[in-house]
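Hi,

Here is the model I promised to pass on. Have a look at it first, and my notes follow underneath.

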Amino acid sequence: MSDPGRAKVDSLGEMPPQEPAAAAPTGLPVGQAKSMFQLGFEVFIQNKLAIVGMVVLVLAVVFCFVGPLFYHTDQVTVDLLTTNLPPGPGHPLGTDETGYDQLGRLMVGGQASLTIGFAAAIIATIVGTVWGAIAGFFGGLVDAVMMRVVDAILSIPILFLLLFIVTIVRPSIPVMIFVLGLTAWLVPARLVRGESLTLRVREYVQAVRVMGGSSWHSVLRHIMPNVIGTVIVNATFQVADAILLIAYLGYLGLGISPPATDWGGMLSNGTAFIFTNYWWLIYPPGILIIVVVVAVNLVGDGLRDSVEVRLQRR
Amino acid sequence: MIGYILRRLAQSILVVLVVTVIVFILLHQLPGGAARAILGPRATALQVAQFNTANGYDQPLLIQYFRQLGEWFTGNFGFSIKLNQSVSSLLAQRLPKTIVLSLLSLVLTVVVAVPLGIYQAVRRNRTFDYVATGLSFIFYAAPTFFIGIIMIEVFSQNLGWFPPEAPQSNGVGPIFEQFDAMVLPVVTLALLSIAGFSRYMRSSVLDNIDQDYVRTAQAKGASPQRVLYHHVLRNALIPIITLLGLSLPALFAGALVTESIFNFPGMGLLFWQAAQSSDYPVELGVVIITAFATVAGNLLADVSLAIIDPRVKL
Amino acid sequence: MKKLRTHGGIRKKTFRIFGSIAVVLLALTGCSSGNGSPTATTASGNAPGKSADTATFADPPNTVPNWIWPFSPLANFSVSNSSDLQYLLFRPMYWFGNNGKAEVSDSLSLAAEPVYSNGGKTVTIKLKDYRWSDGTSLTAQNVMFWYNMLKAEKKNYAAYTPGQFPDNIVSVSTPDPKTVVFTTDKAYSQQWFLYNQLSTITPMPDAWDMTAAGTKGDCATNESGCAAVYAYLVAQSKDLPTYATNPLWQVVDGPWKLSKFNADGNITFVPNPTYSGPVKASLKQFIEVPFTTDDAEFQVLRGGNTIDVGYLPTQDLAAAKSATTGPAEAGPNPLSANYQLAPWFLYGVNYFPINFNNPTVGPIFKQLYFRQALQSVVDQPGVLSSAAKNYGVQTTGPVPLYPDSPLISQTEKNNPYPFSIAAAKKDLTDNGWTVNAGGTSVCAKPGTAAGDCGPGIAAGAKLDFNLQYASGQQTITTAMQSLKSNAAQVGITLNITPAPFNTVTGTAIPCSGKTCTWQMGNWGGGWVYAPDYYPTGEVLWETGAGSNSGSYTNPAIDKLIIDTTTQSGTAVMQAYEDALAKDLPVIWQPNYTYSLTEVANGLQGATVQNPYSAINPEEWHY
């Protein structure tokens, strides 16, 4: 029930706890899983806010990845003669302090934010799930050691880890994915561990053991599918967290190296110009971050509800 | 129960030790090392070598670590050459600031988020609930530096209601004399956690409203108020208490971004600056305190959960 | 646990609410900013310190004074310690910065300019009639106290360079209480000896000659007695909370006394009524306040009711000033309602080092043609006019182009390597490189003959480098992006990475061997000539010098540097300067203002600023 997400981001001191991800779903027979997923899907599409979130996400992806195909801008060459131009002909959203077209930059920055957000969440989820499942399934000493490792890493201020890594490796998009992924896996590890602990004692897992099934087989075949709902819900929140976390890193000067950028880096850059009122450098990235993070959270909420309904109808 | 606590305590100490080892090793891998960072670019190779000898930085890491460990056991956190102060006097200056800021914002969070969450749950799916949910989604998604800067712009520079910086006097007493200056930083720090906590509270209350014991109580003829406050609230607060326990480390790690925006140098900034300048003693001092706070928070959360919620067995 | 939430009835209302919240947020902030013009600050009527007759000074972000004894160890040798604390209380023997010019100030110095005799080897210094605040006179003994301390503890003094002061002193005598005579081992440049050697002396009062509270030491007369005094004074310097109360530090010869000292940087000074200098402080208090970031400082400055002398972050200037105005002239000031803008320049040069000793790319850096090509893609005028809003000057060699001085040579004024993509391209193609604009250029003609790439550069070698720069400064960030973009046009790939300032200075250090792998490092500030006020290169570019970050070496330059320290006059300086400007030991970049100082309307005497970062609040008055 504890929410390690809180502890994880506390070294940044600013991020609030996540809403609890799926509250401990109890085990269900594997054979019924598919129909349960269908049921969940039905619930999901009934959730209009979640659908809106989904649509917003798709639009954001289209804007960032397809947009540049139609809206060509030079995001490589610096033009010091056209810096900080307000929106106008040729530059619908103006230019930034190095003369890059802001609209084009939002697309490039969005690619980074979305890629990092999703990829880091996937890495964190996979690593965390495997770690937590193993710890929870074997229990005992294995569990104690594995979970104390999680505790230890959680106790190291994340800022210190990030500062360290960013100092020794050049912060590119893949590096950021790796770094954020490897600091975020602790949360799913704890969640999954908690669930597999309860699953471990369930009859059907016990039955597999009695029938001589191997431990690994049990983990993969029986425990994983049962925690998948929780994990997916948590993963969506991880996406939102990762997008916000790179924003903080950008603010602290540890973001992706220019000329690459992300929305967070653009926003923190833009906030320097609040007095000179270059609003086009502040509000577009700020609003995009908020809208996308809200959308991801809406989808997460929707997923959680469908997971739970699926379980309740059991 | 006692056995469990003792066991966890032993494990926790082990975890803190592991953390210090990891941090110690990482610290010494940073390029340039302490000597360069502290002596600056003017230092000659000879001066660097002398500095390293004088501070024992030229000895094998293992020996340095155990010497450091011995110092910690005697309560000596060392001396920051960079800041020309002992680490304990630095902590004595910074910790009160951080604790006041974090505690006030935590109090504000609880005072606002708990009633808000309850009210939202009771009046769910009405206009108020939607507004509050919408706002909490937005504040949850907005980076603190963005909120903080907008706060200053609106409430300090334009409306002139509050000063743009936190109280500057030393010590805790004067902070309360200049309470208006504390408003913006506390609110900025609290907004995100209010957003998170109120969502948490709302769903927690909704969870409990539907529980069997509530139905029983209603069937027995308890008044709606009594059911709400006596039965539902008590149970709904359990996750909040867990969260509060886990928020403990935040008191120590501090709120870097808020501190820096509002010119309020607390632990967060101390840590950040030490990390940037390879100030080993300060860095280790903060990490060890944070690590202790984190494990203590985890432990406290688990234990209090066990005490409050009889269903949890340790 | 189960959860019951109603899903079906999500109403349009919610969407409207989301939308309206966004609109409200926008309106709140939008109305603040109007339509394109910066928010006008309201005049607060009175300058903050006017009624109380005090001045509040904003310390630079993230640095607070923390070492009071002028005999600073390297770790505590900083602008904030010397300029914002020590100099206000304890005056160095010679004061540098004269009405904004980069020269010695005869009126603020404690001694007359030195007289050289005996072929330049005897240096005679006459002290002026100054008094310490405990009533004693400033005497030759006070100078000897410093000199003995320096001899005994030279390895603990930040500005000591082996072979230089006091190593180059053969004997010293004090024929009378107001005269000190140094005899040097050979004749030195008179300018250099005054500006870079005698400049480090700060006379110390007899009251400091102690080995414990109440126990007299004898360091002033006997070098062997200095170790015990040193230990005592260092211990006192490490006790920050007692700075304002310790009787030691109350004995001052400067215009101010410490009245309140907080380790967090809140410091209050009160006038020293017995100050013997030309101008006694007229303000009742001089107050320093610390800031975490320049943004935080600016938010307070904007309010106009706390800070009397602060600074404007460059990014908060909307309009550039005219490019034809002098560097220190002010342009449009967004805070003109309350403040007067006074750009502050330090006597320094800005550059970033490249690592000649890097095992892989060092051979490329050793080629002058490559350095020329790289220097030619640095768009100094472009960066100055856009990011720096024209508050800055170009750097073209080791002598700063501002403030103006007779040392500046014609070569530097003409700029041997102005911004030119074409010139850079020619440099590379003429020397055996296939230039791939937008890609990475490769060496096509390896070898050591004319027109070849040069020794140690293999066929197919690439112009692909890592450049780490200090994060957090808008101008540097923009300049680095501009450099990367320009360099790409001649196929020089620069992988630019922001990193904390200390990481950059900790990485870009003189080194050798296999682990010497950094390539380029830009901490953004180059070098300020203080307290080595004469712009010679013995600590910067001489082979093996301590601050020769890139391990640059050139025997011809070494000889010219020795000339500048041993021969007086400007001719040797200009010879050195021309050779170095052409040889590019580092890559020059624009020198930005040290600060865009904002002085409260009505505060007099604060707009002429010291080119070595000292402040003279005793000259300020309402």
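**Strands and sheets in chain C**

Strand β5 (residues 122–126) of chain C and strand β7 (residues 179–184) of chain C run antiparallel and are joined by 5 bridges. Strands here are DSSP runs of E with at least two residues, helices are runs of H or I with at least four residues, and both are numbered from the N terminus. Two strands pair if DSSP finds at least two bridges between them.

Before I go on, a word on the ground rules: residues are numbered from 1 along each chain as its sequence is written, and chains are lettered from A and ligands numbered from 1 in the order in which they are written. This is a predicted model, where local features need pLDDT of at least 70 and side-chain atom pairs count only at pLDDT 80 or more, while totals for chains, interfaces and linings use all residues.

Back to β5(C) and β7(C): C:K126 stands opposite C:T179 in β7(C), and C:I125 has C:V180 as its bridge partner there. On to β6(C), which β7(C) meets through 4 bridges, again antiparallel. In that pairing C:S171 is matched with C:T183 of β7(C). β6(C) and β7(C) make a hairpin, with 5 residues between them.

Put together, this is an open sheet of 4 strands in the order β4-β5-β7-β6 (chain C), paired antiparallel. Its edge strands, each pairing on one side only, are β4 (115–117) and β6 (169–173) of chain C. On average, neighbouring strands in this sheet are turned by 20° against each other, direction ignored. For angles in general, axes are lines fitted to C-alpha atoms (for helices, over the stretch in contact), and the angles run from 0 to 180 degrees between N-to-C directions.

Chain C also has an open sheet of 3 strands, in the order β21-β20-β22 (chain C), with parallel pairing. At its edges are β21 (493–499) and β22 (520–522) of chain C, each of which pairs on one side only. Here the average turn between neighbouring strands is 25°, direction ignored. Strand β20 (residues 464–470) of chain C pairs with β21(C) over 7 bridges in the parallel sense, and C:Y469 stands opposite C:P498 in β21(C). Helix α12 (residues 474–488) of chain C lies across β20, β21 and β22 of chain C and runs at about 165° to β21(C).

**Helix pairs**

In chain C, the axes of helix α14 (residues 555–566) and helix α15 (residues 570–583) come within 8 Å and cross at roughly 150°. That makes α14(C) roughly antiparallel to α15(C); the cut-offs are under 35 degrees for roughly parallel, over 145 for roughly antiparallel, 65 to 115 for roughly perpendicular, and oblique for the rest. The crossing of α14(C) with α15(C) is left-handed, a term for the near helix being turned anticlockwise from the far one by less than a right angle (right-handed if clockwise). Among the residues making the contact are C:L560 and C:I561 of α14(C) and C:Y576 and C:A579 of α15(C); being in contact takes C-beta atoms, placed from the backbone, within 7 Å. By class, this contact of α14(C) with α15(C) has 10 nonpolar, 1 polar and 2 charged residues. In that scheme Ala, Val, Leu, Ile, Met, Phe, Trp, Tyr, Cys and Pro count as nonpolar, Asp, Glu, Lys and Arg as charged, and the others, Gly among them, as polar.

In chain B, helix α6 (residues 127–141) and helix α9 (residues 179–209) have axes that come within 8 Å and cross at roughly 130°. That makes α6(B) oblique to α9(B). This crossing of α6(B) and α9(B) is left-handed. B:A132, B:S136, B:F139 and B:Y140 in α6(B) meet residues of α9(B) including B:L191, B:L192 and B:R199, and the contact of α6(B) with α9(B) divides into 6 nonpolar, 3 polar and 1 charged.

In chain A, helix α4 (residues 102–138) and helix α5 (residues 140–155) pack at an angle of about 145°, with their axes 6 Å apart. The crossing of α4(A) and α5(A) is left-handed. A:W131 and A:F138 of α4(A) are among the contact residues, as are A:M146 and A:M147 of α5(A).

**Annotated stretches of chain B**

The unreviewed UniProt entry has the annotation "transmembrane region" on chain B, including residues 12–30 and 130–155. UniProt positions are in the numbering used here, feature names are shortened, and annotations may be inferred rather than shown by experiment. Residues 12–30 of chain B are 95% helix and 0% strand, with the end C-alpha atoms 27 Å apart. Over residues 130–155 of chain B the figures are 92% helix and 0% strand, with 25 Å between the end C-alpha atoms.

Cheers

Terms used:
Two residues are in contact if their C-beta atoms, placed from the backbone, lie within 7 Å.
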